[in-house]
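I sat down with this one to see how it is put together. These are my notes, in the order I looked things up.

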Amino acid sequence: MLENLSQRLQGILSGLRGKGRLTEEDIDQAMREIRRALLEADVNFKVVKGFVENTKERCMSAEVLESLTPAQNVIKIVLDELTELLGRSDSKLVLGSRVPNVIMLVGLQGSGKTTAAAKLAYRLKEENHTPLLVACDVYRPAAIEQLQTLGDEIGVRVYRGDGKDPVAIAREGVQDAIDNLRDVVIVDTAGRLHVDEDMMDEAANIKRAVKPDQILMVVDAMTGQDVVNAASAFAERVDFDGVIMSKMDGDARGGGALSIKQVTGKPIKFISSGEKPDSLEAFHPDRMAKRILGMGDVVSLIESAAKIQEEEIEAEQAERMLSAQLTLDDFVDMNKQIRKMGGVTKLVSALPGGDKALGSGQVNEDIFDRMVVIINSMTKKERQRPDILNGSRRVRIAKGAGVEVTDVNQLIKKFNETKKMLKQFMPEQDFAPAKKGKKGKKNKRRRSMPALNGMSVADMKKMQDMIKNMEM
């Protein structure tokens, strides 16, 4: 996510850390390099100019230059200004009091609008709403079928309408939601390759017809600051409330994300960084700024972990986790939870320095499937007591899984390394023995995750190693 810009800025600031004292010349040089990095990332020129001027003015103060840790002060200033550039405070999706709430999506063709509509519907469904998708893109071939397919995948109904008038379809969709007790309507409108009068007139007519509570513009992060021109046009004619930045996982230079708030005054509400329905994330300017500067996003990592922890497990399994006495069944479960949280790549990159730890490559997450096949080829006793896996057993397991013995050996090695590293992070807790409940069923206990707040740099590196190590 914004890898090129992130690497450039981190390199510039890293050069300042190596200096005991900073001079005005050092600050000037750093600001010139930051200016160049932002322009190459396709950030709007006026935005770059204002950012560099504000940052330089604060960095040139005697308070910074004469401090004992001038480089750290400069980094803090850059972080503050970058957060300001991205929007300073979170801008949440606010639903009105009426039922149904109507959310209208607008944007250019190819921005990912239809996919974003489905992802937003999935997110609202997870928050216990009952959304309805309304397909108003009657021009793009297969647009309605695409939305229908996505709706079927996430279990959300799609209203298609019978005619070719998008305004009528939108109005009928809202009435359908009323008739079928749906509390949120998401209207997927048509886009064009470029801003034109027909598209603007249609969007304005749909707005008048359904009176949306929220209008969100979907923009493609890979198009750079060109999205700002389109957003400015929509803001003038339709007056949208916020932005969904799609395709953040692509080779994005970042110009759009860093420019749009300052130029249009419209906040980024969501970012999308994957194809899966759950890949739509709330946008947090401060967290994004930290990610760009290589400081990680531990808060989002903790939130993801907390969401997964809502799934209860047996107390005995939690106790094994805390004492690092894992079984191979537990190992599979841990990997499943990591995949639910976005996978190894996402987790490691969320830790401070994680992008550097990953390097330029991505973790091959498909290897997880092979690991499951190998473990499923073991007996229950072997999964519970991996220490009994001698040579002959490993040969039998390899044949059953259709892999080489070296693959089995590699799995056991990774498993043992994970146990060893996990022991360093699990907090000390006492777990009472599981008691029998009704009908002899054992009570459940939620698993405690590692306490990530307050970790040292060395601890963060160990955590990165542990998470990466869990993939074969």
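Before placing any loop residue, I note that helices and strands here are DSSP runs, helices (H or I) of at least four residues and strands (E) of at least two, numbered from the N terminus. With that settled, I put proline 100 in the loop between α5 and β1. I should also say that I am working from a predicted model.

**Entry: the sheet**

I traced an open sheet of eight strands, and its order reads β3-β2-β4-β1-β5-β6-β7-β8 with mixed pairing. I marked β3 (158–159) and β8 as the edge strands, since each of them pairs on one side only.

I then went through part of the sheet, strand by strand. Four bridges link β1 (residues 101–106) to β5, and the two run parallel. In that pairing I found leucine 105 bridged to leucine 216 of β5, and I saw valine 106 standing opposite methionine 217 in β5.

On to β6 (residues 242–246): β5 pairs with it in the parallel sense as well, over five bridges. Valine 218 has isoleucine 244 of β6 as its bridge partner. Isoleucine 244 turns up again in the next pairing, where its partner in β7 is phenylalanine 270. β6 and β7 are parallel and joined by three bridges.

The sense changes at the end of the row. β7 and β8 (residues 280–282) pair antiparallel over three bridges, and there I noted isoleucine 271 bridged to glutamate 281 of β8.

**Entry: how enclosed are the strands?**

Why do I call β5 largely enclosed by the rest of the structure? Because seven of the seven residues in 214–220 are buried. I checked both faces: Gln214, Leu216, Val218 and Asp220 cover one side, Ile215, Met217 and Val219 the other, and all are buried. I wrote down that Gln214 and Asp220 are on this buried list too.

I did the same for β7 (residues 268–272). Five of its five residues are buried, so this strand is also largely enclosed by the rest of the structure.

**Entry: the core**

The largest nonpolar core has 76 residues. I looked for those with the most contacts inside it and got Val74, Met245 and Leu258. Which helix gives the most to this core? It is α5 (residues 70–86), with nine residues. I also looked at how the core sits relative to the domains: it draws at least three residues from each of domain 1 (3–86) and domain 2 (101–283).

**Entry: cavities**

How many cavities of 30 Å³ or more are there? I count two. The largest has a volume of about 50 Å³. I listed its lining as Val106, Gly107, Thr189, Ala190, Met199, Glu202, Ala203, Ile206 and Phe234. By class that gives six nonpolar, two polar and one charged residues. Helix α9 (residues 197–210) supplies the largest share of this lining, four residues.

Two of the lining residues had come up or were worth a second look. Val106 is one of them, and I had already met valine 106 opposite methionine 217. Threonine 189 is another lining residue, and I found it in the loop between β4 (184–188) and α9. Is threonine 189 buried or exposed? At 2% relative accessibility, it counts as buried. I also checked its distance to aspartate 137: the two are 52 residues apart along the chain, and their C-alpha atoms are separated by 5.1 Å.

**Entry: backbone oddities**

I kept in mind that most residues other than glycine have a negative phi, and most peptide bonds are trans.

Back to proline 100, then. The peptide bond that leads into it from valine 99 is cis, with omega near 0 degrees.

Aspartate 42 is not a glycine, yet I read a positive phi of about 70 degrees there. I placed aspartate 42 in the loop between α2 (24–40) and α3 (45–59). At 14% relative accessibility, under the 20% cut-off, aspartate 42 counts as buried.

Leucine 181 also has a positive phi, near 60 degrees. This leucine 181 is in the loop between α8 (166–179) and β4. At 73% relative accessibility, leucine 181 counts as exposed.

Definitions and conventions
Residues are numbered from 1 along each chain as its sequence is written. This is a predicted model: local features need pLDDT of at least 70, side-chain atom pairs count only at pLDDT 80 or more; totals for chains, interfaces and linings use all residues. Side-chain values use heavy atoms; hydrogens and water are left out. Buried means under 20% relative accessible area, exposed over 50%, partly exposed in between (1.4 Å probe, protein chains only). Two strands pair if DSSP finds at least two bridges between them. On a 1 Å grid over the protein atoms alone, a cavity is a set of points where a 1.4 Å probe fits but cannot get out, and a pocket is an open set with protein on both sides within 12 Å along at least five of seven lines; lining residues have an atom within 4 Å of a point. Grid points are joined across faces, edges and corners, and a volume is the space filled by probe spheres set on the points. Ala, Val, Leu, Ile, Met, Phe, Trp, Tyr, Cys and Pro count as nonpolar, Asp, Glu, Lys and Arg as charged, and the others, Gly among them, as polar. A nonpolar core is a set of buried Ala, Val, Leu, Ile, Met, Phe, Trp, Tyr and Cys residues joined through side-chain atoms within 4.5 Å. Domain bounds come from an automatic or database domain assignment.
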